[in-house]
Amino acid sequence: MIEKLLIICVFVGIIHMIETLAYSVRLAGLKTRKLVVALSLFNIIVIVSRTANMVQAPLTGKLGDAVQSKEDLPVLLHQLQTILIAASIGTIAGALLIPSFVSIFSRMISHLEVAGSVPKMMKNIASIHTLEKAKKHVKRPRWIMLSQLRIGGVPKRLLLLNLMATTIYTVGVLSTLYASTLEPTLSKSILMSSGLINGLAMITLAVFVDPQVAILTEKVMKGESTKQSMNKMVGTLVISRLCGTVCAQILLVPAALYIAWICKLIP
């Protein structure tokens, strides 16, 4: 069981690391002045996240299947809390990798333009010489980057919405899993509600958060705003995302109880 939990935590960490790095894709696009290419190329990396999610989802479901009685609930709760810790660690790892990612990803965009296709690009950059040159683009995070972050200039409403969406997305599936063990007779309806919960998070991001980031990106591209403002927005969004994973830890049990209660009301 410990080995299974460790595998789940690794996959969850990878998922949240990649989703955190997604914030920096626009920085790479601005750096190369090829934003559309950057967004398209990042979709290849997102496949890794989607694959990790497909693998860990049934494994996480098995944790719920192992619950045979009420006495097993504390063990399941501890396991789910551990998974949420992995989500926070993955977010921190993604934040630390942003400077290196922007530099390396910018080079990948240039290689893609030369190669003309992703398979050819992968073939070109797979050489030992190219991989050795990639070391030069690895950058250590500096404390000055954190000290430059100020909430001023970044809408507080945007940060709050990002925090809320991250919290819902992070805790949604795990809370429904825990709720299904609290109310075994309603387990099927509870588990089916996870899609609705995650859908709310996706709608919040798509309607309220992403357009704001896109507008600022366009302003920077046109010279109407500075790159520093974009760096600040990315940094504060990453911090609010990390806070969202912490809030998910706090809301795990209350959310499960609320989901179970809602499903009881459904006739």
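## Salt bridge between Glu 19 and Arg 241

Glu 19 and Arg 241 join their side chains in a salt bridge, at 2.7 Å from N to O. The pair ties together distant parts of the chain. Glu 19 sits in helix α1, which spans residues 2-21. Arg 241 sits in helix α11, which spans residues 227-265. The two are 222 residues apart. This is a predicted model.

Both partners are buried. For Glu 19 the relative accessible area is 17%, so it counts as buried, given a cut-off of under 20%. Leaving out residues up to four places away in sequence, Glu 19 touches Ser 49, Tyr 169 and Arg 241. Val 46 is 27 residues from Glu 19 in sequence, and the C-alpha to C-alpha distance is 8.0 Å.

## Salt bridge between Lys 264 and Glu 183

The whole structure holds two salt bridges. Besides the Glu 19 pair, the side chains of Lys 264 and Glu 183 form one, at 3.0 Å from N to O. This pair also links distant parts of the chain, 81 residues apart. Lys 264 belongs to helix α11. Glu 183 lies in the loop between α8 (156-182) and α9 (187-192).

Is Lys 264 buried or partly exposed? Lys 264 has 49% relative accessibility, so it is partly exposed. The exposed class starts over 50%.

## Overall fold

The protein chain has 11 helices and zero strands. In sequence order the pattern is α-α-α-α-α-α-α-α-α-α-α. The chain has 267 residues, and 41% of them are buried.

Contacts reach far along the sequence. Among contacts with a separation of 6 or more, 83% are between residues 24 or more positions apart.

## The largest pocket

The largest pocket encloses about 1200 Å³ of space. It is lined by 43 residues. Closest to its centre are Glu 19, Arg 50, Tyr 169, Met 202 and Arg 241. Both members of the buried salt bridge, Glu 19 and Arg 241, are thus named here.

Which helices each supply at least two lining residues? They are α1, α2 (25-32), α3 (35-65), α4 (73-115), α8 and α10 (194-221). Helix α3 gives the most, with 12 residues. By class, the lining has 25 nonpolar, 13 polar and five charged residues.

## Nonpolar cores

The largest nonpolar core has 33 residues. Leu 41, Phe 42, Phe 105, Met 230, Met 233, Val 234 and Leu 237 touch the most other members. Two or more residues come from each of α1, α2, α3, α4, α8, α10 and α11. Helix α4 has the largest share, eight residues.

Phe 42 shows the packing in detail. Beyond its neighbours within four places in sequence, Phe 42 contacts Ile 18, Leu 21, Ala 22, Val 25, Phe 101 and Phe 105. Another core lies apart from the largest one. This other core has 28 residues, including Ile 8, Leu 84, Leu 174 and Leu 182.

## Ala 28 in helix α2

Ala 28 is part of helix α2. Its relative accessible area is 0%, so Ala 28 is buried. Which residues does Ala 28 contact, leaving aside neighbours within four places in sequence? They are Val 102, Phe 105, Ser 106 and Ile 109. Phe 105 also contacts Phe 42.

Ala 28 and Arg 107 are 79 residues apart in sequence. In space, their C-alpha atoms are 9.1 Å apart.

## Arg 33 and Asp 210

Arg 33 is in the loop between α2 and α3. Its phi is near 60 degrees, a positive value in a residue other than glycine. Most residues other than glycine have a negative phi. Arg 33 has a relative accessible area of 44%, so it is partly exposed.

Asp 210 belongs to helix α10. Asp 210 is also partly exposed, because its relative accessible area is 40%. Tyr 23 is 187 residues from Asp 210 in sequence, with the C-alpha atoms 9.8 Å apart in space.

Methods
Residues numbered from 1 in each chain as written. Predicted model: local features only at pLDDT ≥ 70, side-chain atom pairs only at ≥ 80, totals over all residues. Heavy atoms only, no water. Salt bridge = Lys/Arg side-chain N within 4 Å of Asp/Glu carboxyl O. Helix = DSSP H or I, 4+ residues; strand = E, 2+ residues; numbered from the N terminus. Buried < 20%, exposed > 50% of the residue type's maximum accessible area, 1.4 Å probe, protein only. 1 Å grid on protein atoms, 1.4 Å probe; cavity = no way out; pocket = protein on both sides within 12 Å on 5 of 7 lines; lining within 4 Å. Points joined across faces, edges and corners; volume = space filled by probe spheres on them. Nonpolar A, V, L, I, M, F, W, Y, C, P; charged D, E, K, R; others polar. Contact = heavy atoms within 4.5 Å. Core = buried A, V, L, I, M, F, W, Y, C linked by side-chain atoms within 4.5 Å.
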